[in-house]
Every structure is written in structure tokens, then in C-alpha cells.
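Grab a viewer and a scratchpad. Here are some exercises to work through, each with its solution.

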Amino acid sequence: MSEDDDRSPPLDLRGADIAESSNKTRNCSGVSGSGVPGPGPGPSSMEFQAPYPDQVLENVLENVLQFLSSRRDRNAASLVCKSWCRVEALTRSELFIGNCYSVSPRRATVRFARVRSVAIKGRPRFADFNLMPPDWGAHFAPWVAAMASAYPWLEKVYLKRMSVTDDDLAVLAESFPSFKELVLVCCDGFGTSGLAIVASKCRQLRVLDLIESEVADDDMDWIACFPENGTTCLESLIFDCVECPINFEALERLVARSPSLKKLRLNRFVSIGQLYRLVVRSPQLTHLGTGSFSAAEGPAQGEPEHDYLSAFAACKSLVCLSGFREILPDYLPAIRPVCANLTSLNFSYANINAEQLKSVVLHCHKLQSFWVLDSICDEGLQAVASTCKDLRELRVFPFDAREDSEGPVSEVGLQAISEGCRKLQSILYFCQHMTNAAVVAMSQNCPELEVFRLCIMGRHRPDPVTGQPMDEGFGAIVRNCKMLTRLAVSGLLTDRAFGYIGKYGKLVRTLSVAFAGDSDMGLKYVLEGCPRLQKLEIRDSPFGDAALRSGLHHYYNMRFLWMSSCRLSPQGCQGIARELPRLVVEVIRDEVAEHKDDAVDILYMYRSLEGPRDDAPRFVTILQ
Amino acid sequence: MESKVAYETDLNLKATELRLGLPGTDDSEEQALFNARNNKRSFPDASGECGSKSCSDAQHADNETAPPAKAQIVGWPPIRSYRKNNLQPKKTEAEAAGIFVKVSMDGAPYLRKIDLRTYNGYPELLKSLENMFKFTIGAYSEREGYKGSEYAPTYEDKDGDWMLVGDVPWDMFIVSCNRLRIMKGSEARGLGCSV
């Protein structure tokens, strides 16, 4: 690796440089592609050396591997031999870290010297549901510090479930002069102060996307911190999750001087009147989050009214619509002009009924992604099924997210969707109860399903028609949906359901289990049967130490295993830690819970090259 | 800057709203967004199922209201707090939240929006319209419509027909009115006669 590290900062490998230098070296006296221009015209700061055979190969490889973008392909290429590993590392410009603790920032930056874009994922997903005390970890700080020195040319950062502080954002803004894209998904730890620093210092910023992140209100007017003069490069500004008011006049000016802006998602503090002012200035938008979609506070006595219909009609490029945070349904007809072009519609914060939905969705023939609240009832879903023949992704969220609430959607809606939307690939469906028949129907009608997540909110609830467990329904899904990679199960489930998953779910990578199964056999079936399993999250299920041991052969292939409120003992977990030294086995104490003897509250384990992390909080014990 | 007032208005209305929810279970408090992580439970586990924990809705650990009939399990159903805390109550025409209709006047450059619920009857409505658009409406008679003025207030009903304001009883009017239009000139006179 050392010889490669001496090279000068990377050129744009995809640019003309490579082609040009290759041509030049071909024209020279028979000495082929060293990648560094030889004794001819052209920029050269290195002496000519007779290339050794490996170097020839490496240079050819470098030219070829730059075209390889899929990280799975790159990982495979890097395993061929040391030479390939070295060259692949040099040509990898996008670095993906699926678990921030699986590798240290130093190790990553030493191996991959020329990275321009980094994606890092942190906390386990079940932490989103308050199952774990806060401050578990996943800090961005050590990463940004390492990258500040290793990748001064860094352009893009994507973080999911990481803790990011304002200081981290300051380091980022100051360390990377070419910085272009910041995407923070489900992150926390920072506030409007951090945003202000990014806005003011990242002069080449194209993308600032805050998605489902918690942003503290430091009373800082971050929108006004974008440079006031000249045009900006902004292409995407997403801040619908920011729960504090913004300076609208500054936003209006910002939008006016951002000619490349295509994606704009406003927070709920932007009224519909303000939305109007933005939309008429930016008819070129492709993605719009409408903010509150309601009038400013109080009944709008004597407030000038706008022609919202015309404003939307002018947005010929709009394909993705979301927002509607405090929707006043009276305004809904205004979006009708864009319905025919919409491929993505997110009503998941809009408490609208079936009639109101129909007035809009019956025009949305091109819809591919649809997120909605169950307030639309089965009737609303039937309307979607009859119109949206191209639907690929559906998410139905509960308005009243409790176990015993009314349940406006049911098997009727699911059945209708399965019959109408045959191309469905991904579904997330919250309901109070479900029949096996409807799930079986979906497995047969939608063979392209890759993601099936059914959340029957009533725990241990059987099929209300037959009284049977939901085993057969989920069994049909794994059996019939040959492309299934992600599955979330619920309702009354016996070990039989897990037998089906182990037997048929050969491509399943992510599995979520809650309040299910009878015995250790359930978990055994899955760990022994699913060779592609990467992420397994289980809560409140009767799986114990023996079941845990049945996965010993597989844990190094997985990104993580989460088990909370199951039947694990510290000894059982310790046994795993002892037998698999490259696995980090964290036992997390839920401090408020009452301790039943010695039971393990939460087990979270993951492969890692680094051993126990040094930033574990006091409620985490790492077993060895 | 403008949201706090909206919240307070919503909360007041909710107090009188009929819901199927249990008393004390309410999810529109801003606090909850930041407390959700820390505010885990107020009741100790009574019926441990597989060692699971239970609590009242995280948002209301502070309230001394009647405990729910069935304690809610932490983190179930798996909805992120942000989503749970940010759903607004229904705003429909039928509820006390108001009946908003657009008002346009021939020759005026802009529309206005009014809440029909804030008026008790036609006289109040008409007076308000006169003030809003700075014109006068004549005297209304069932036979001849609005005499003494070149304007006539009209409305579009649910069937799409244009009617003269005042022809139907007030209660019927407010639920059937889609929007208002103050007509001018001969069109106004024509409408008065035909109805």
C-alpha cells in the first residue's frame, strides 16, 4: 500500500486524463500504460521507470476498476489477490460503512485513500422505538476528525442514526472546501447552530437533506446564513423534520437565487400562503414538501387568497409531493394539476378520509410510491388499488398508534391492493388484525415483492376469521415471493412460521420479529436456514441461549443481531463472545426496567475488526 | 414565529371534541418530541409478558390522569416518536374547526377566505362582506333579490349551481356553500329574477 500512498492527490479518474495519458504512452516507444505519462509531452512529475509486470497489471486494473461502482462487486474484486486489493482500494471513491463500530476511522482511511463520498450507519434500528437508553454511541466525531486529514477533497457525507454535534458540523464545514452534499437521516445531537455553520461555510453546497432527524432549536436563523450574494449551487434543500420556525423572507430570497433547486421540502412552520410564494418562483421543482398546507394561525379573516391551482399547474416537472403536515382539506384540490405526473406521494402526516383521498389519487395513474395514514380506511386503499397500477411501494401508517385502537384498515384493504397493484415491491402495513387469506393472496398476486412488513398492532393476535395463528400467511409470503429480502412479522406466530422462513426465505437479509414464537426452535430454524441473513432484530420472544448458539456458524456473516426481552442469560452471551473473538457482544441494561433475576435486557452483537469500543456508556457491558 | 398560537387554538378545540380515545391519551404536545427518549414510564410492570416492559403513553408520564385500561408497551407499535407526535387532529368542514369558503368579487383583484361558522346568520355575513370589499348590498326580497345595488352576493352550492345568497335557510346554506361570488351588473339582476 505504501507506494500507492505516495502518489499525488487523485485526478478525476473518470475524466479525460486517463484516456489522454494512455494514448500518449501507447504512442511512445512500446512502453505500455504506466498511468503516469512517460517521456513525452504532458504533465509529469515522476521519473520514467521500466514498469514491472505487476505494475502493468495494476495500472490496467486501475483503469478498469474505476468503472466498478457496486460495492459488492468491489468487495469481491478486492478478494482476488493483494494486488487487486490494493488497486481496488485506490479506485474506490464511495465508502460505505454499514456499522460504524465494525471498523475504526483510521483503518478505513488508511485502506481507502481516495474517497470522495462516505456513508456511515450507526445505531440499531430498534433504538428508534425507545428500547434503549439514549447516548448509546455512534458518534460522528472520530470519523470527521479522521476524514479531515485523510480526505481533504471530500464531497459527500451520508449519515444514518448517528450522533452528530454542532462541533462535528463545524469541523466538516471547515475541513472540506469542495464539500457538496450532506444527508442526515434519523440523526440527532445537533441544532440550528450546526446548520448555520454548514450553510455559511460550505460554499459549494448542492444538497442539504435533513430527514427524520432531531434538530435542536438554538434560536439560530440558519436559513439566513447562506451566502447572500450571487446564486447558490443548491439543488436540494430538505428540512421538513426541523421543528422550529424559520425565517421565511430569507428562505424566499434563498430560493430566488438558487436556479438549480430541484428538491425543496419545507417544514410545518411554512404556511400555504408562504408555500405559494415559493412555488411560483420555482416551477422547475421536481420534489416538493409542502410544509403545513394550511393557513397561518387563526381563521383567515380577510387574508388575501392565492390561486394555488395555477401555481401548481405551472409545476410541470413535479414528480414527488410530500408534506401536508397540518392539512386543511379545502386546499387539497389545488394539487390536482400535478397528480397525473406524480410518481411519489407522501400523505403520511395528512389526516384525510377516503373521499378526500379519492379526489386526488384517482388522477395519479403514474404513482409508484405512496405513503399514507390509515385514516383513508380500506375504501381509500381500494381507490389506490383501482388507479395506481404501477405502484411499487406502499406504506400505511396508523393515525392512532395504539394496540387497541379502532383499526380503520384491515385485510380488505390489503386484499384490494394485492389485486390492483401487481407490481408491488415493498409494503409496510399497520393494522389491528389481519387474515391469513389476505396475506396469502398478496403472496400470490404480487410475485415481485422484495419487502414485506406487516405490523399487526394487537400483539399475539390470531386470524380473526379462523382463529388460527398467522403462520400460514407469512409462510406463503416466503414461499411465493422468490425475491423477498426483507421481512417483518407480527400477530400470533408459532415456531412453524419460523420453520417456513428458514425453509423458504433463502434470500432474506433483514428480519424483524416481535412477540412471536414458542421456543428456541423458532430462532434455530432461521439461523440455520437463512444463509443471506444480515440483520436480525428480535424483541419479546421466547428464544434463549441454546437458540443463540445455533447461529455461531453465521454471526461473522451478519451485520448485527439484536435481541431484547428474550430469554438470554449473561452466561449464554458470554459463551458466544468467547467462541467468536471478532464479534463484539454488548449487553445493554435498560436502567429503568425491573430486573428479573439475571436476564439480559438487550443483546446487541456485531462483527468488528476493532474489538470492544472505547466509548461505551456505563449501561453497556461488552462481554469477552 | 407563528406556530405557537395555532397549537393553542387546536388544543382548546380538542378539549370539546368527541373522541374514542381514552382520557388523558392525547398526542399533540410539543414537549413530547424532546422528552420521548427520556420519558419512558410511570407505572411499574404489572403483567410481564416475556419480560416486556409497560408504561402509559410516553408523552403523558407527567399527567396525573386516569391510567389507561391496558398499559401500553414501550416501543410498540414500532412507530418513531417523531411520527407519533406530529399528527394533527382532523380538520373537516363538519367540525367546530370552521367552514372556510372563498369569496370573490367581480372586478376585485384578489380573493378572500372567510369562516362561515363565525357568523350567526345572513345579516352578519352580508355586513362583513360589505366591509371586506367596500361596497353596499341592497335590500333583499325573496321575489326580487337584491334591490338598490348593482351587486348581488351569490354562492355555488354542492351541485355546482349558482344561487342567490339568502334563498335557503342559514343552516342549509353553510353546509351547502362551496364558495361565494359577489356578482356585478346585469348578471346579478338576472340571477335575482330567475330564482
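The exercises below cover cysteines and aromatic rings.

This is a predicted model, where local features need pLDDT of at least 70, side-chain atom pairs count only at pLDDT 80 or more, and totals for chains, interfaces and linings use all residues. Residues are numbered from 1 along each chain as written, chains are lettered from A and ligands numbered from 1 in written order, and side-chain values use heavy atoms, leaving out hydrogens and water.

**Exercise 1.** Work out how many disulfides the structure holds over all chains.

*Solution.*
- Start with the cut-off: a disulfide is a pair of cysteine sulfur atoms within 2.5 Å.
- Try A:Cys233: its closest cysteine sulfur, in A:Cys202, is 11 Å off, too far for a bond.
- Try A:Cys573: the closest cysteine sulfur belongs to A:Cys566, 10 Å away, so no bond there either.
- The total over all chains is zero.

**Exercise 2.** Classify the ring pair A:Phe397 and A:Phe430, and find where each ring lies.

*Solution.*
- Rings of Phe, Tyr and Trp (its six-membered ring) pair with centres within 6.5 Å; planes under 30 degrees apart are stacked, over 60 edge-to-face, the rest tilted.
- The search finds 27 aromatic pairs over all chains.
- A:Phe397 and A:Phe430 have centres 6.2 Å apart and planes at 25°, so the pair is stacked.
- A:Phe397 is in strand 15 and A:Phe430 in strand 16 of chain A (strands are DSSP runs of E, at least two residues, numbered from the N terminus), so the pair ties together parts 33 residues apart in sequence.

Conventions
Helices (H or I, at least four residues) and strands (E, at least two) are DSSP runs, numbered from the N terminus.
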